Amino acid sequence: MDAAEFRKRGKEMVDYVADYLEKIEKRQVFPDVEPGYLRPLIAQCAPQDPESFEDVFKDIEKIIMPGVTHWHSPYFFAYFPAASSFPALLADMLCGGIGCVGFSWAASPACTELETVMLDWLGKMVNLPEEFLAGKDGKGGGVIQGSASEATLIALLAARTKTIRQVQSEKPELTEAEIMGRLVAYASDQAHSSVERAALIGAVKIKNVPSDDTFSVCGSALKKVLDEDKAAGLIPFFFCATLGTTPCCSFDKLLELGPICNKENIWMHIDAAYAGSAFICPEFRHLLNGVEFADSFNFNPHKWLLVNFDCSAMWVKKRSDLIGAFKLEPLYLQHHHQESGLVTDYRHIRLSHQFEHLVLQDERFEICAKVVLGLVCFRLKGSNELNEALLKSINDAKKIHLVPCHLREKFVLRFAICSRTVESTHIKFAWQHISQLATDLLKTWVQNHHQQ
């Protein structure tokens, strides 16, 4: 493909994507395929001779689209919002066209400097303390990660390195292996599984801190666990606080947890993957109060902020903690500036409350957690099996798409406002659909129980 054909085919692809997004509401939100559907539709080996672009293009609708879950459909209420926008798509095109690999300032100065400045912008938008910003002479700063999972792992590894060095300076007789065996990380029992995975990769113990009735971790719960572990000779070194948990968008109590972590010299990382974008709104910024106690903070602009996946923004108070933990500079990556210190729409909310109001009007249902930032956790009053059956009915019908969670012992349905194109009509349709399926299910349920 030469430049002339690229211009032609590029315009065709832009038209296809624009049509796809404009008409996405007409597509079935969840695919009607079985595992392995794709393999029989394509050749078993790569072709010896190339196909024409027209034939390849036809395969998008013929082979790919039948297996696509349409995350940007206004009937997609599962997982979390995956934001997208036409400006972001154009930016991806430019990024791919330039094709820089910006692993250092010298590899492409614009990449590093734009990232640094832009993350200062974003940090100011959520009113982060000055310590987290790079500025002209700041010690902190932001960096883009691929996901919040990566950010948590990076923070944990940096905390591990920092703690090992501190302990060895105080007790030089201890080996690194001996210290590693005593390190303990902590997170809420509602935290994302990636926190536990980070500890697994980091080869350290991790313990869940019990959450309260609002599914939040409070200071007393953390202190109790810390006291027990210190008495047993363990070394607490890392705590991951969650702002907007995956199951029900609960918030750990930073103002209680932060002072404890600071006093105990524990690295506090804040995972605000889902909820962080909302802090741009002044009316939700209070949910971030206590961030001043944290060592690192992360949220995902690719949720809500109309930025394509993947873009996860992470800030640290002391970027030297990260650089020091991972610094390994072969000669070919070194440059003479590296030691200079110089380089380094929220309608979702209203619509979720509309859905909550509809649920509360039906006495058959219950709300299972406080509705926060576009997420409603609800269920039929009754057994877990009943709710599992309801979810299966909803997703089997393929009109809308939901996913579940567990809140304590309860099987709960999550209704997340995901697509930027969701309107009130979609919410009403979704509720009417759920309500009718519940009616049908309950009739069958009652009949079966009478027969038994």
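## Around strand E2 and along the helices

Tyr 186 has plenty of company: leaving aside its neighbours within four places in sequence, it is in contact with Ile 206, Lys 207, Val 209, Leu 222, Val 225, Leu 226, Asp 229, Pro 236, Phe 238, Phe 239 and Cys 240 (contact means heavy atoms within 4.5 Å). This is a predicted model, so local features need pLDDT of at least 70 and side-chain atom pairs count only at pLDDT 80 or more, while totals for chains, interfaces and linings use all residues. Residues are numbered from 1 along each chain as its sequence is written, and side-chain values use heavy atoms, with hydrogens and water left out.

Back to Tyr 186, which sits in strand E2 (helices, H or I with at least four residues, and strands, E with at least two, are DSSP runs numbered from the N terminus). One of its partners, Leu 222, is 36 residues away along the chain, yet the two C-alpha atoms are separated by 8.4 Å. The Tyr 186 side chain also makes a polar contact of 2.7 Å with the side chain of Asp 229. A polar contact here is a pair of N or O atoms within 3.5 Å; within protein, one must be able to donate a hydrogen and the other to accept it, and residues adjacent in sequence count only if both atoms are side-chain atoms.

Ser 188 is in strand E2 as well. Its side chain reaches the backbone nitrogen of Gln 190 at 2.9 Å. Leaving aside neighbours within four places in sequence, Ser 188 is in contact with Asn 208, Val 209, Ser 211, Val 217, Cys 240 and Asp 252.

Gln 190 itself lies in the loop between strand E2 (183-188) and helix H7 (193-201). The side chains of Gln 190 and Asp 189 are joined by a polar contact of 3.4 Å. Beyond four places in sequence, Gln 190 is in contact with Ser 211, Phe 215, Thr 245, Pro 247, Leu 407 and Arg 408.

Here is how some residues score for burial. Buried means under 20% relative accessible area, exposed over 50%, and partly exposed in between (1.4 Å probe, protein chains only).

| Residue | Relative accessibility | State |
|---|---|---|
| Tyr 186 | 0% | buried |
| Ser 188 | 1% | buried |
| Leu 373 | 3% | buried |
| Gln 190 | 7% | buried |
| Arg 39 | 59% | exposed |

Arg 39 belongs to the loop between helix H1 (3-22) and helix H2 (53-64). Arg 39 and His 70 are 31 residues apart in sequence and 21 Å apart in space, C-alpha to C-alpha.

Now for the helices. H1 has 20 residues and reaches 28 Å from its first C-alpha to its last, close to the 28 Å expected at 1.5 Å a residue (the expected span is 1.5 Å times one less than the number of residues). Its buried residues are Arg 9, Tyr 16, Tyr 20 and Leu 21. Down the axis of H1 they fall within an arc of 125°, so they line one face of the helix; the arc is that of the directions from the helix axis to the C-beta atoms. They pack against H2 and helix H3 (86-98). The face of H1 turned away from that buried side carries the exposed residues Ala 3, Ala 4, Arg 7, Lys 11 and Glu 22.

H12 (residues 384-397) can be read in a similar way. Its 14 residues should span 20 Å at 1.5 Å a residue, and its end C-alpha atoms are 20 Å apart, which agrees. Leu 386, Asn 387, Leu 390, Leu 391, Ile 394 and Asn 395 are buried in H12. Seen down the axis, the buried residues of H12 fall within an arc of 165°, so they line one face. As background, an α-helix has 3.6 residues a turn, so residues three or four places apart point the same way.

Helix H8 (residues 219-231) and helix H9 (residues 254-263) pack at an angle of about 30°, with their axes 8 Å apart. That makes H8 roughly parallel to H9. Axes are lines fitted to C-alpha atoms, for helices over the stretch in contact, and angles run from 0 to 180 degrees between N-to-C directions; those under 35 degrees count as roughly parallel, over 145 as roughly antiparallel, 65 to 115 as roughly perpendicular and the rest as oblique. Gly 219, Leu 222, Lys 223 and Leu 226 in H8 meet Glu 256, Leu 257, Ile 260 and Cys 261 in H9.

A few backbone oddities round things off. Lys 398, just after H12, takes a positive phi of about 60°. Leu 373 has a positive phi of about 50° although it is not a glycine, and its place is the loop between strand E8 (365-367) and strand E9 (375-380). Finally, a cis peptide bond joins Phe 309 and Asp 310, with omega about 10°.
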